[in-house]
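Reader: I have a model open and would like to understand how its descriptions are justified. Could you take me through the reasoning?
Author: Happily; let us look at it together.

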Amino acid sequence: MEYQRERCRRLVLVPLPFQGHITPMLQLGTILHSKGFHITIAHTQFNFPDPLNYPDFDFLPMSDGICERNVSSHNFIALISGFNTNCKGHLQESLARIMEKEDQDNKIACIIYDEYMHFAEEVATHLGIPSIILSTSSAAKMQSYLAIPRLQKDGYIPFQDSMMLELVPGLQPLRFKDLCLQISKNLDDLLQMIAKALDPRSSSAIIWNTTDCLEQSTLAKIQQEYQLPLFPIGPLHKTVAATSISLFKEDQSCISWLDKQSHNSVIYVSLGSIAFMDNKDLLEMAWGLANSEQPFLWVVRMDSTPLPQGFQEAVGGRGCIVKWAPQKQVLAHNSVGGFWSHCGWNSTIESISEGVPLICQPYFGDQRVNARYLSQVWEVGLAWENDMKRGAIEEAIRMLMVGNEGKLARQKAKDLKQKIELSIDHGGSSYNSLNDLVDLILSF
Ligand code: UDX
């Protein structure tokens with residue numbers, strides 16, 4: 001009876017409205033719903049998921065005051081600051097109204113918020129509700145953030161160009177160029193945003209979309225900094241049944257194309273939802289892929305520059321180009337043998353979970369940290385640090401798909417895939433961590 005009462009408790013989830021952050025938050029919602037909790041998604045008007053795709057969830061819109069004419073959707077620091085300023089009052093009022101009507105069987109047990117949406121913690125504290133942080137990126141990124149105050153104190157920031165290839169003291173194998181502090185024009189704003197993301201305030205725990213078999217030692221170091229329980233329960237997409245969480249329409253036609261290709265032969269190329277190649281790089285990539293003679297599946301998003309004339313005719317049926325792919329299905333397909341990736345954390349963990357080795361071409365933020373770990377620590381990725389020239393691209397693709405380096409990386413990726421499967425299976429580390437998280441929420 002007691003169990004039944006607790007199963008009716010409500011969780012309010014507050015995602016940061018970008019694909020790479022919404023995805024893990026909605027996956028977490030689906031997992032916690034399967035554990036018996038009611039789920040409310042408090043969302044901005046900017047980039048929100050379609051409620052029709054989630055009939056089991058309630059949706060609570062928050063006015064975010066973002067005028068897309070004034071703030072570019074690529075100015076993340078301004079957007080994040082806008083959400084934190086503008087959404088707080090609205091969330092607080094809406095939840096206060098819900099709480100007035102709530103009964104014992106439908107109480108808000110806690111607010112789970114993206115690490116960048118810290119206004120949600122202020123709302124939770126004001127209303128006397130516990131809160132938990134969801135960190136959607138790697139623990140390695142968090143560790144690199146944690147080092148920043150020390151690096152500032154020791155006079156390393158801002159970095160000199162001459163230091164870029166040096167290892168960061170205490171953060172090996174990361175080099176200064178791998179840290180996310182490259183955008184010097186708004187360095188102060190960036191440092192402020194990082195400081196806010198690092199401060200757990202009164203939150204009760206941090207959930208991670210990672211797993212011990214990838215990041216146990218990094219998590220142990222982070223644990224020394226925080227007096228909070230950490231719950232590495234990832235990879236979330238392997239625990240939850242596959243629902244599409246895409247903000248864009250997935251083109252399923254590439255799956256029937258993959259069905260016709262041979263085992264491990266296809267290189268999948270995608271830069272996630274934000275990073276993009278400029279005109280010149282896209283042209284080189286196109287001819288590098290064409291000349292590699294490997295079959296390829298390439299995501300060229302709607303907002304990318306058009307492909308060069310004559311390219312599609314030149315590659316014929318050997319290439320499949322889509323605006324947005326069902327990526328998890330693609331990576332799980334046995335024709336896919338390699339991934340040219342920007343190394344966003346979701347792409348990183350999705351690729352490793354399917355035993356697919358990568359070529360790592362990071363663009364910004366945490367991508368450089370993930371890329372470095374992929375190539376140097378987990379040894380499942382080949383680092384791409386060259387200028388985009390078709391000859392070098394062709395060579396790298398061959399190296400990954402048919403060369404010895406690729407073979408070794410593929411073997412390591414297959415080993416990690418097995419370890420990840422064990423971690424989410426009954427009694428595995430992520431499985432146990434998830435149960436501990438549920439117990440914590442039930443104890444509130
Ligand atoms: C952003 C940041 O850029 C990234 O560095 C950070 O780790 C998370 O937030 P994004 O660039 O979109 O994310 O990359 P990523 O984290 O890889 O997430 C992309 C998601 O979109 C993945 O879940 C992937 O499966 C999905 N995707 C991508 C598709 O479903 N189809 C595609 O065609 C491309």
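Reader: What makes you say that the ligand lies between domain 1 and domain 2?
Author: Let me first say that this is a predicted model. Domain 1 (2-244 + 424-443) and domain 2 (253-421) both give residues to the shell around the ligand, so the ligand lies between them. The shell holds 25 residues, and the closest are G20, G272, Q327, G344 and S347. Helices α2 (19-34), α14 (327-332) and α15 (345-353) each supply at least two residues of this shell.

Reader: Which kinds of residue make up the shell around the ligand?
Author: It divides into 15 polar, 7 nonpolar and 3 charged residues. Gly is counted among the polar ones, and G20, G272 and G344 are among the closest residues to the ligand.

Reader: How do you know where domain 1 touches domain 2, and which helix gives the most to that side of domain 1?
Author: Residues are in contact if their C-beta atoms lie within 7 Å. The centres of the two domains, taken over C-alpha atoms, are 28 Å apart, and the contact takes 28 residues from domain 1 and 24 residues from domain 2. On the side of domain 1 that touches domain 2, α2, α6 (139-146), α9 (212-225) and α10 (236-239) each supply at least two residues. Helix α2 gives the most, with 4 residues. That side of domain 1 divides into 11 nonpolar, 12 polar and 5 charged residues.

Reader: How do you know that the span of α2 agrees with what its 16 residues should give?
Author: The expected span is 1.5 Å times one less than the number of residues. For the 16 residues of α2 that should be 22 Å, and the end C-alpha atoms are 22 Å apart, so the two agree. After α2 comes G36, whose phi is positive, near 105°.

Reader: Why are residues of α2 such as I22 and L28 called buried?
Author: A residue is called buried because 20 or more other C-beta atoms lie within 10 Å of its own. In α2 the residues that meet this are H21, I22, T23, P24, M25, L26, Q27, L28, G29, T30 and L32.

Reader: And what makes up the largest nonpolar core?
Author: This core has 115 residues, and L13, I207 and L297 have the most contacts inside it. Strand β4 (residues 108-114) gives the largest share, 6 residues. Each of domain 1 and domain 2 contributes at least three residues to the core. Leaving out residues up to four places away in sequence, I207 touches L28, I132, I133, L134, S135, F231, I233 and L437.

Notes:
Residues numbered from 1 in each chain as written. Predicted model: local features only at pLDDT ≥ 70, side-chain atom pairs only at ≥ 80, totals over all residues. Core = buried A, V, L, I, M, F, W, Y, C linked by C-beta atoms within 7 Å. Buried ≥ 20, exposed ≤ 12 C-beta atoms within 10 Å, placed from the backbone. Domains from an automatic or database assignment. Contact = placed C-beta atoms within 7 Å. Near = placed C-beta within 6 Å.
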